[in-house]
There are 2 protein chains.
Amino acid sequence: MAKKIKIEPDTSTEEKIKEAARKVFTQKGYAATRTRDIAEEAGINLALLNYYFRSKEKLFEIIMMEKMHALFGVLVPVLNDSTTSLEKKIELVSVNYIELLSHTPDLPLFVLSEIRSSPQAFGERMQANKLIKDSHFIKQLTEKRKDLHPLQFLMSLLGMLLFPFIARPVFGSVGVLAQKEFDFLMEERKRLIPQWMKLILNSN
Amino acid sequence: MAKKIKIEPDTSTEEKIKEAARKVFTQKGYAATRTRDIAEEAGINLALLNYYFRSKEKLFEIIMMEKMHALFGVLVPVLNDSTTSLEKKIELVSVNYIELLSHTPDLPLFVLSEIRSSPQAFGERMQANKLIKDSHFIKQLTEKRKDLHPLQFLMSLLGMLLFPFIARPVFGSVGVLAQKEFDFLMEERKRLIPQWMKLILNSN
DNA sequence: GTCTATAACCTGATAGAC
DNA sequence: GTCTATCAGGTTATAGAC
């Protein structure tokens, strides 16, 4: 229990490679990434990558797992909390996601692209799926709006939250929407989206 | 003027290759696609691909151009029509997009992924950008809601429309959301999204 | 653990026969 | 126009020295 006293400094070679892999994989995707890119980014030799992680694919799976947990990790616990109201959940999910994606904007496009490339893999996805479908949030939605499929609401909420980051290369090109303005708009959306989704929820 | 009387039958080898390229590129992305995959899908030899299109990259650029036009082509003309009301534009964009994406569901994820991979390329994107920013739709929005950045509204609308298709591998896995149910929900969204966006537009 | 050198393989593209 | 055979270059992974 008290075996490992020293805190991992994250400066080990293994961690340097993982950090480089996070950067390159998320930027270029699995197929376009060369192990040489990762090695160079990490400042180490190519052979070391295989020494620590056996293969490009094994390394990728580790990074992918991390990223999927990051993407679904801010969603699932909030939706499954049986002590919070529907409206509170909407607020929390909105703030959590915009906060997260402001720091790692290419997270959703990376995860969704790679899931598409190998749809049968990544069992995590199915698991997250079930956790969402059977969530307290869905129960609350169903109860509140019997006329509406709960996924109609959830897809809209997530679309509003994630889409600006997914499409940022389109919206955010130079001269049309600069970085600072984009950040400002996202900050504003923490307030706007819950407001709008509540409006939708209470309509009819 | 009356030079080409015969209508192209689209059964030519060139078209067979393009059709195969459309399928494989959009499914796997540029980097993960091998020219051999395209040749096999087209039922022709690998060498013919280079005979007709010089290189993998040239072929890709043709397909990418097509796909970008498809994705933005249903948006730009509607937003720039100065004879329609704001609410009519919302209805048209919604129906157009859901109709389009129901037939080619992986169009948006493909285009957005590839734009990210080479952000400086694809000048079309910038052009579409300007066309949107200076559109009649944006003017109408600005006038109607002086307190709201028009992109806040546009990003939300597009997010609602595109996100279900972008995230379909997540939502649409077997046992959670089957194909027929997904199609039904999308059909329903043609009505729901305009209704909801008008609600947002007229709030406050 | 870390490196250099190289093996083994794959991929895009072309030469040349038909 | 279409094919087979092959080249040239690049990529992953490993062997072996330090």
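**Notebook: aromatic pairs, DNA contacts and symmetry**

I began with F163(B), which is buried, with a relative accessible area of 3%; the cut-off I applied for buried is under 20%. The model is a predicted one, and I kept that in mind for every distance noted below.

*Entry on the rings.* I then looked up F171(B), which at 6% relative accessibility also counts as buried. For F163(B) and F171(B) I found ring centres 6.3 Å apart and planes at 80°, so I recorded the pair as edge-to-face, given that planes over 60 degrees apart are put in that class. Over all chains I counted 18 aromatic pairs. One of them joins F137(A) and F153(A), and this pair is tilted, with 6.5 Å from centre to centre and 45° between the planes. I noted that the pair links distant parts of the chain, since F137(A) sits in helix α9 (residues 136–144) of chain A and F153(A) in helix α10 (residues 150–166) of chain A, 16 residues apart. Both F137(A) and F153(A) are buried. I also traced a cluster in chain A, in which ring pairs link F25(A), Y30(A), F60(A) and F110(A).

*Entry on DNA strand C.* I listed 16 residues around DNA strand C, the closest being N45(A), Y52(A), R34(B), T35(B) and K56(B). What share of the atoms of DNA strand C within 4 Å of the protein belongs to sugar or phosphate? I obtained 60%, with the rest belonging to bases. Looking at phosphate oxygens of this strand, I found one 2.7 Å from a polar side-chain atom of Y52(A), one 3.0 Å from a polar side-chain atom of R34(B), and one 3.2 Å from a polar backbone atom of T33(B). The elements that give two or more residues to the surface near DNA strand C are α3 (46–53) of chain A together with α2 (35–42) and α3 (46–53) of chain B. Of these, α3(A) supplies the largest share, four residues. By class, I sorted the surface near DNA strand C into six nonpolar, six polar and four charged residues.

*Entry on DNA strand D.* Around DNA strand D I again listed 16 residues, with R34(A), T35(A), R36(A), N45(B) and Y52(B) as the closest. Of the atoms of DNA strand D within 4 Å of the protein, I assigned 58% to sugar or phosphate and the rest to bases. Phosphate oxygens of this strand lie 2.7 Å from a polar side-chain atom of T35(A), 2.7 Å from a polar backbone atom of K56(A), and 2.7 Å from an N or O atom in the side chain of Y52(B). I noted that α2 (35–42) and α3 of chain A, together with α3 of chain B, each supply at least two residues of the surface near DNA strand D, and that the largest share, four residues, comes from α3(B). Here the classes came to six nonpolar, six polar and four charged residues.

*Entry on the two protein chains.* I laid chain B on chain A and obtained an RMSD of 0.1 Å, by a turn of 180° and a shift of 0.0 Å along the axis. The two copies are therefore related as by a two-fold rotation axis. Which C-alpha of chain B lies nearest the axis? I found that of G159(B), 2.2 Å from the axis. Lastly, I checked the interface: 100% of the interface residues of chain B are also interface residues in chain A, so the copies meet through the same surface.

Technical notes
Residues are numbered from 1 along each chain as its sequence is written. Chains are lettered from A and ligands numbered from 1 in the order in which they are written. This is a predicted model: local features need pLDDT of at least 70, side-chain atom pairs count only at pLDDT 80 or more; totals for chains, interfaces and linings use all residues. Side-chain values use heavy atoms; hydrogens and water are left out. A residue is near a molecule or strand if one of its heavy atoms lies within 4 Å of it. A polar contact is a pair of N or O atoms within 3.5 Å; within protein, one must be able to donate a hydrogen and the other to accept it, and residues adjacent in sequence count only if both atoms are side-chain atoms. Ala, Val, Leu, Ile, Met, Phe, Trp, Tyr, Cys and Pro count as nonpolar, Asp, Glu, Lys and Arg as charged, and the others, Gly among them, as polar. Copies are superposed by least squares on the C-alpha atoms of residues with pLDDT of at least 70 in both. Contact means heavy atoms within 4.5 Å. Rings of Phe, Tyr and Trp (its six-membered ring) pair if their centres lie within 6.5 Å; planes under 30 degrees apart count as stacked, over 60 as edge-to-face and the rest as tilted. Buried means under 20% relative accessible area, exposed over 50%, partly exposed in between (1.4 Å probe, protein chains only).
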